[in-house]
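Biologist: I would like a close look at one part of this protein, explained so that a newcomer can follow. Could you walk me through it once the picture is up?

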Amino acid sequence: MTDYSIWMVEYACVEEFPVGIALYGRYNAGHMKIPYCYAVLKGERHTVVVDTGYDNAQFGKQLADAYGVSGWQSPDTVLKRIDIDPLEVDTVILTHNHFDHAGGLDHFPNAHVYLQAREVHNYMWAQGLPERLQFLTVATDPDLMLSLVERMRAGKLTLL
């Protein structure tokens, strides 16, 4: 069995997040800091990132600004603190398609990506719904699907 080091790395945060949104029943209880993080696992043969954060450009920046996210730092900067280069990440596991979990995929160009097939299916299904139901995809990065197709063509995508 290989030993792994595991880190949670913060790449951005919301400084003034309403407590009542995060904790049920705690309405009007003030604000709290909410960190935006992803996990890194490093072993003898693999460097794995679970979720990739978002890219602080275009769509990712628009959503982050709308949600009050600040202090974004690139994977280069964040991972340097734990002596990892994003280019050495060989595996990315995406838990779901929200912009702050999957929007930074392109920062890990050498990684093989694992994602649930139903995430892709449900996103595509929701995109085909009438305009009045498009709120279902508001927190998802449409460019992720293009990135996934590129990974698939390169043999670097596994849908589970």
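Is Lys61 buried, partly exposed or exposed?

Modeller: Happy to help, and please keep in mind that this is a predicted model. Lys61 has a relative accessibility of 36%, so this residue counts as partly exposed; the buried class is for values under 20%, and the exposed class for values over 50%.

Let us stay with Lys61 for a moment. Its partner is Asp65: the two form a salt bridge, and their closest N and O atoms are 3.1 Å apart. Here is the general idea behind such a pair. Side chains of opposite charge can pair when their charged atoms come close. Both Lys61 and Asp65 sit in helix H2, which covers residues 58-67, and they are four residues apart, or about one turn of the helix. Asp65 has a relative accessibility of 45%, so Asp65 is partly exposed.

Now we can place this pair beside the others. The whole structure holds three salt bridges. In one of them, Lys33 meets Glu10, with 3.3 Å between the closest N and O atoms. This pair links distant parts of the chain, since Lys33 belongs to strand S2 (residues 31-43) and Glu10 to strand S1, 23 residues apart. Lys33 is at 42% relative accessibility and therefore counts as partly exposed. Glu10, with a relative accessible area of 30%, is partly exposed.

Strand S2 also holds Lys42, which is joined to Glu88 by a salt bridge of 2.7 Å from N to O. Here too, distant parts of the chain are linked: Glu88 lies in the loop between helix H3 (75-80) and S4, and is 46 residues apart from Lys42. Glu88 comes out at 33% relative accessibility, so Glu88 is partly exposed. For Lys42 the value is 27%, which means that Lys42 is partly exposed.

The strands named here belong to a sheet, so let us follow them across it. It is an open sheet of six strands with mixed pairing, in the order S1-S2-S3-S4-S5-S6. Strand S1 (4-18) and strand S6 (157-159) are at the edges; each has a single partner strand, so one side of each has no neighbour in the sheet. From one strand to the next, the twist averages 20°.

What holds neighbouring strands together? Strands of a sheet pair through backbone hydrogen bonds, either parallel or antiparallel. S1 and S2 run antiparallel and are joined by twelve bridges, and one example is Val14, whose bridge partner in S2 is Ile34. S2 and S3 run antiparallel as well, with four bridges between them. In this pairing, Ala39 has Val50 in S3 as its bridge partner. Three residues lie between S2 and S3, and these two strands form a hairpin.

The next pairing is in the parallel sense: strand S3 (residues 47-50) and strand S4 (residues 91-93) pair over three bridges. There, Val49 stands opposite Val92 in S4.

One last stop takes us to the surface. Trp125, Phe135 and Leu136 make a nonpolar surface patch of about 370 Å². Of these residues, Trp125 is found in helix H5, which covers residues 117-127.

To return to your starting point, Lys61 is a partly exposed residue that forms a salt bridge with Asp65 in helix H2.

Definitions and conventions: Residues numbered from 1 in each chain as written. Predicted model: local features only at pLDDT ≥ 70, side-chain atom pairs only at ≥ 80, totals over all residues. Heavy atoms only, no water. Pairing = 2+ DSSP bridges. Axes fitted to C-alpha atoms, helices over the stretch in contact; angles between N-to-C directions. Patch = residues over 30% accessible without salt bridge, like charges linked within 9 Å, V, L, I, M, F, W, Y side chains within 5 Å. Areas by Shrake-Rupley, 256 points an atom, 1.4 Å probe, with all protein chains shown as cover. Salt bridge = Lys/Arg side-chain N within 4 Å of Asp/Glu carboxyl O. Buried < 20%, exposed > 50% of the residue type's maximum accessible area, 1.4 Å probe, protein only.
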